[in-house]
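Let's go through this one by asking how each label is earned. Have the model open beside you and follow along.

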Amino acid sequence: MYAAPVLALALLHPLLPPVSTVEAAFDRTDGIVPATAVSFAPDAVPYGAGVRVVVQRAEGRTTVSMTVDGLTPDHLYPVHAHARACGTAPADSGLHYQDRPDPVQPSTDPAYANDRNEVRLTLATDRQGHAAASTTVDWEFRAGEAGSLVLHAGADGQGHALAQRVGCVNVDF
Ligand SMILES: [Cu+2]
């Protein structure tokens, strides 16, 4: 009698692309319970600012979408997928995740350090401090080798991300 609903679910499931979703507020790094999203610079990423991340995988491709609220108005935040989870120190999230790993790390070779081989987004906030960005790459993450999305402080005149890390969100890629 209970077989029908179970069968229906089993048939439906393969039609839906796997999704992981994170909804969190940026918090301090020294909370009693480690926060899902942390700020290293409350002037750039205020405590309580909201973040939502959706990861979709389908047919070997991965789409990462991100929205933020309550950040600095009219500002650019370069965002990358990093190898490790957020920690209490900005460097804890490690290096950039790369589909084809550059044998020389940290990677600066544009053949590897580019937006096709890495997940890179730019959050451009409006006058209310809201931004949304999305990117799709032609690959899927290797299990357990990426842990976070890191917000950098800004971009230089050439559009390169500044090294300073102002925020971090744990994501199950
Ligand atoms: Cu980065």
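Q: What makes V38 a partner of β9?
A: V38 stands opposite C168 in β9. The strands β2 and β9 run antiparallel and are joined by 3 bridges. Two strands pair if DSSP finds at least two bridges between them, so with 3 bridges β2 and β9 qualify as a pair. Strands here are DSSP runs of E with at least two residues, and helices are runs of H or I with at least four, both numbered from the N terminus.

Q: How do you know which model and numbering these statements rest on?
A: This is a predicted model, in which local features need pLDDT of at least 70 and side-chain atom pairs count only at pLDDT 80 or more, while totals for chains, interfaces and linings use all residues. Residues are numbered from 1 along each chain as its sequence is written.

Q: What makes β8 and β9 a pair?
A: They pair in the antiparallel sense over 5 bridges. In β9, R165 is the bridge partner of H152.

Q: Why is β9 called mostly covered?
A: A residue is buried if 20 or more other C-beta atoms lie within 10 Å of its own, exposed if 12 or fewer, and partly exposed in between, with C-beta atoms placed from the backbone. In β9, 6 of its 6 residues are buried. For the protein chain, 29% of the 173 residues count as buried.

Q: What makes a group of residues a nonpolar core, and which members touch the most others?
A: Such a core is a set of buried Ala, Val, Leu, Ile, Met, Phe, Trp, Tyr and Cys residues joined through C-beta atoms within 7 Å. The largest one has 34 residues, and V53, M66, V79, L149 and V169 touch the most other members. Strands that each supply at least two residues include β2 (37-39), β8 (148-152) and β9 (165-170).

Q: How do you know what V169 is in contact with?
A: Contact is assigned when the C-beta atoms of two residues, placed from the backbone, lie within 7 Å. Leaving aside neighbours within four places in sequence, the contacts of V169 include V22, A37, V53 and L149.

Q: Why are β1 and β7 called edge strands?
A: 4 strands form an open, antiparallel sheet in the order β1-β3-β4-β7. β1 (19-25) and β7 (131-137) each have a single partner strand, so one side of each is left without a neighbour in the sheet. β7 is joined to β4 by 7 bridges, and M66 has A133 in β7 as its bridge partner.
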